[in-house]
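Subject: Structure for your review

Dear colleague,

Please find below the sequence and structure that I am handing over to you. My findings follow directly after it.

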Amino acid sequence: SSKGFTILRVGVSPELGKTSLIMSLVSEEFPDEVPLRAEEITIPADVTPERVPTHIVDYSEAEQSEEQLYQEISKANVICIVYSVNSKKSIEKVTSHWIPLINDRTDKDSRVPLILVGNKSDLVEHSSMETILPIMNQFQDIETCVECSAKNLKNISELFYYAQKAVLHPTGPLYCPEEKELKLSCIKALTRIFKITDLDNDGILNDNELNFFQRTCFNTPLAPQALEDVKNVVRRNMADGVKDNGLTLKGFLFLHTLFIQRGRHETTWTVLRRFGYDDDLELTQEYLFPIIKIPPDCTTELNHNAYLFLQSVFDKHDKDRDCALSPEEVKDLFKVFPYMPWGPDVNNTVCTNDKGWITYQGYLSQWTLTTYLDVQRSLEYLGYLGYSIVYEQESQAAAITVTRSKRIDLQKKQTQRSVFRCNVFGAAGSGKSGFLQAFLGRNLQRQKQIRETHKSYYAISTTYVYGQEKYLLLHEAIPDVDFLSEEELACDVVCLVYDVNDPRSFEYCAKVYKQYFIDSKTPCVVIAAKSDLHEVRQHYSLSPHDFCRKHKLHPPQSFTCNTTTVPTKDLYTRLTTMAMYPHMAQADLKNSTFWLRASLGATVCAVLGFAMYRALLKQR
């Protein structure tokens, strides 16, 4: 804590020497005259091993009321109970008076760590530890016991070091002394850390991964002999802790148990804090949600490093190398998350293989979608995966590109963006869902297999525009003309879908256009869906063709997903092109070469893209 913490010292009777202990620490000599109570003392951060300022508060029954004591207990981060090693009565008062009193005044879930301090060890030759150990076993809140002497300064500085340690590196959240094993929350956190560090996901930390872990947490690699020594300690203590000369999860957890049992809690805490955990073994808000500023009219995208990282995560979990994630592989990938972030709708949002498994391209598309729609969630997910740790970045915010304002793009008539949003409007039953699914390569027959409960209102995939790979994000808007949200209106291109076989279908498109987009700079395209069916006359004052001519829109584009093969992507490439070059979409309205150039470029790049994708798969 940057504010420091408070050590409260209480004693079972005035003659115990707790005030002498404080005076001896400060002056480094035994005081001739000892007051009833020492004034509050602050030890500055630069003279403490942990670089944290420490406030030491003394309590005296003779000078202070019980109410003052209760106030100090509520403020304290750690409490030292001082007893005299040569007084059996003072030891008994620890359990009969002080511990119950403190426990009554503190919340059960956030108990203050206690340290038992046996003073006046200079007066006896024996240790009080035999009497104290049962007490320590009985009360979990007792972190440790220290025997010291204010008179000959024995263990004085150690006492305050243990007090600091009890706050900064508490045993309670990590370890159960009765069971002599790690607590479940600690095992869960360390298992996530193991999985992140296991870069090839083979269930073993090899020497390279152990060194990566060591550098990440302690800024220094381990010498080869030191690595062997660590593995030998594990080998001697458990049969399956080392496998193929690497550390298994069991071995990794055993090492941390050993650190804690030997009083080296700080080692485990250093690891936990490096991987984003707080004192309650929860990932901190600062770690999961680093600050990122997104000005209005800007969008969020993943940058090159983020895609490389996500590719490595995919490779790590694609065990059968089929370039798709089976349900088991998806489950394994998200084991480092506290919950399953992807529901069954994701499989209907991105491209899948014939088995319905998310492909490599579909996987990257889903990450792109999350980053575009909800960057905070994307930061959280990257945090669970350990992006900032693996890529040695300050935070996940380094994975995000905030695009420049769309207004500037329009002024300069060019854009660096990679993700473009197309909102799809249409009356109920007009074919919007079919239009979204066709973009993912699904014809009508495959679409019929989608359960209503697994339906998605989004579809995202890649298109190629003039040799550049871009993402097109389609969003099916709710068909309520009078209540369109800002989100539904904010997009790069608009699709107005009507059913050629339904005479009432086009009227909705005309209404939406006239109410929201007639004066907008957003390009609009009318889609004549279900074009395999008989075209009927629309019950509207103008035919769709005349409406488009009147409002200077492109003629209605025929579309059907009722095909025997995979639906063509040409129309989606045109939409992406219009989104990228809205000024050209308007200017080239009368010029059919705009469509031709876009389609031709898409065909060439799709072939090239597929060849490059195959080459990438061979490499992998």
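I begin with histidine 539, which touches Pro503, Arg504 and Glu507 when residues up to four places away in sequence are not counted. Please bear in mind that this is a predicted model. The C-alpha atoms of histidine 539 and arginine 504 are separated by 5.6 Å, although these residues are 35 apart along the chain. Histidine 539 lies in the loop between β20 and α22, and its relative accessible area of 46% makes it partly exposed.

Aromatic pairs

The next residue in that loop leads to the aromatic pairs, of which the count comes to 25. In one of them, phenylalanine 506 meets tyrosine 540 edge-to-face, with 5.8 Å from centre to centre and 75° between the planes. Phenylalanine 506 belongs to helix α21 (residues 505–517), whereas tyrosine 540 sits in the loop between β20 (524–529) and α22 (544–550), so the pair ties together parts that are 34 residues apart in sequence. Both phenylalanine 506 and tyrosine 540 are buried.

Phenylalanine 506 also forms an edge-to-face pair with phenylalanine 547, at 5.3 Å centre to centre and with 80° between the planes. This second pair likewise links distant parts of the chain: phenylalanine 506 is in helix α21 and phenylalanine 547 in helix α22, 41 residues apart. Phenylalanine 506 counts as buried because its relative accessibility is 1%, and phenylalanine 547 is buried with a relative accessible area of 1%.

Elsewhere, one aromatic cluster is formed by Phe314, Phe334, Phe337, Tyr339, Trp342, Tyr360, Tyr363, Trp367, Tyr381 and Tyr384.

A three-stranded sheet and its helices

An open sheet of 3 strands has the order β9-β11-β10 and antiparallel pairing. Strands β9 (204–205) and β10 (242–243) stand at the edges with a single partner strand each, so one side of each has no neighbour in the sheet. Strand β10 runs antiparallel to β11 (residues 246–248), and 2 bridges join them. Valine 242 has leucine 247 of β11 as its bridge partner. Helix α9 (residues 249–261) packs on this sheet, where it touches β9 and β11, and its direction makes about 80° with that of β11.

Helix α9 also meets helix α8 (residues 224–237): their axes come within 10 Å and cross at roughly 95°. The two helices are therefore roughly perpendicular to each other. On the α8 side the contact is made by Val230, Val233, Val234 and Asn237, and on the α9 side by Gly251, Phe254, Leu255 and Leu258.

Backbone points to check

Most residues other than glycine have a negative phi. Asparagine 245 has a positive phi of about 60° although it is not a glycine. Asparagine 245 is found in the loop between β10 and β11, and with a relative accessible area of 37% it is partly exposed.

Leucine 281 is another residue other than glycine with a positive phi, here near 60°. Leucine 281 lies in the loop between α10 (265–274) and α11 (285–288). Unlike a partly exposed residue, leucine 281 counts as buried, at 7% relative accessibility.

A buried asparagine

Which residues is asparagine 348 in contact with, leaving aside its neighbours within four places in sequence? They are Gln437, Leu440, Arg442, Ile450, His454, Ser456 and Tyr458. Asparagine 348 is found in the loop between α13 (327–333) and β14 (358–359). Its relative accessible area is 11%, so asparagine 348 is buried.

Cysteines

How many disulfides are there? The count comes to 0. For cysteine 80, the closest cysteine sulfur is that of cysteine 148, at 9.2 Å, which is too far for a bond because a disulfide requires sulfur atoms within 2.5 Å. Cysteine 80 is buried, with a relative accessible area of 0%. Cysteine 298 also counts as buried, at 16% relative accessibility, because the limit for this class is under 20%.

With kind regards

Notes: Residues are numbered from 1 along each chain as its sequence is written. This is a predicted model: local features need pLDDT of at least 70, side-chain atom pairs count only at pLDDT 80 or more; totals for chains, interfaces and linings use all residues. Side-chain values use heavy atoms; hydrogens and water are left out. Buried means under 20% relative accessible area, exposed over 50%, partly exposed in between (1.4 Å probe, protein chains only). Two strands pair if DSSP finds at least two bridges between them. Helices (H or I, at least four residues) and strands (E, at least two) are DSSP runs, numbered from the N terminus. Contact means heavy atoms within 4.5 Å. Axes are lines fitted to C-alpha atoms, for helices over the stretch in contact, and angles run from 0 to 180 degrees between N-to-C directions. Rings of Phe, Tyr and Trp (its six-membered ring) pair if their centres lie within 6.5 Å; planes under 30 degrees apart count as stacked, over 60 as edge-to-face and the rest as tilted. Angles under 35 degrees count as roughly parallel, over 145 as roughly antiparallel, 65 to 115 as roughly perpendicular and the rest as oblique.
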